[in-house]
Amino acid sequence: FNLGLYEDAIQSLTRMRDPTEAQRLLAACHALLGNLDLARHHAAEVRRAHPGFTLTNWRQVPPDVDSSTLERYFEGLRLAGLS
């Protein structure tokens, strides 16, 4: 994801035994690639697994210290329909 290789990230994430915690990143990757139907599907999975999920709360647990990567990630989550 950090390198902008979203398709490669998706391939890696879909090989996880339990992709539950990968749903946020899958949503962001698909959204940034323009695959909005898939992005929304993964966003729905995020909401199902974490009913109280909000971007505001998730910002409190920054997955990356690089601000440009972090902003791109949150933009992908917003495009996927998460708020």
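A residue is called buried when its relative accessible area is under 20%, exposed when it is over 50%, and partly exposed in between (1.4 Å probe, protein chains only). By that rule R24 is buried, at 7% relative accessibility.

This is a predicted model, in which local features need pLDDT of at least 70 and side-chain atom pairs count only at pLDDT 80 or more, while totals for chains, interfaces and linings use all residues. Residues are numbered from 1 along each chain as its sequence is written, and side-chain values use heavy atoms, with hydrogens and water left out.

**Salt bridges**

Side chains of opposite charge can pair when their charged atoms come close. Here a salt bridge is a side-chain nitrogen of Lys or Arg within 4 Å of a carboxyl oxygen of Asp or Glu. The structure holds five salt bridges; the table gives three pairs, including their N to O distances and the relative accessible area of each partner.

| Pair | N to O distance | Basic partner | Acidic partner |
|---|---|---|---|
| R24 and E21 | 2.9 Å | R24, 7%, buried | E21, 45%, partly exposed |
| R40 and D37 | 3.8 Å | R40, 43%, partly exposed | D37, 65%, exposed |
| R59 and E71 | 3.0 Å | R59, 33%, partly exposed | E71, 38%, partly exposed |

Helices are DSSP runs (H or I, at least four residues), numbered from the N terminus. R40 and D37 both belong to helix 3 (residues 36-49), where they sit three residues apart, about one turn of the helix. In that pair, D37 is exposed and R40 is partly exposed.

R59 pairs with E71 in a salt bridge, with the closest N and O atoms 3.0 Å apart. This pair links distant parts of the chain: R59 is in helix 4 (residues 55-59) and E71 is in helix 5 (residues 67-79), twelve residues apart.

**Helix 2**

R24, the buried partner of the E21 salt bridge, is also one of the buried residues of helix 2. Eight of the eleven residues in helix 2 (residues 23-33) are buried, so this helix is largely enclosed by the rest of the structure. The buried residues are Q23, R24, L26, A27, A28, C29, H30 and A31. They pack against helix 1 (6-13), helix 3, helix 4 and helix 5, where contact means heavy atoms within 4.5 Å. After helix 2 comes G34, which has a positive phi, near 90°.

Key:
Helices (H or I, at least four residues) and strands (E, at least two) are DSSP runs, numbered from the N terminus.
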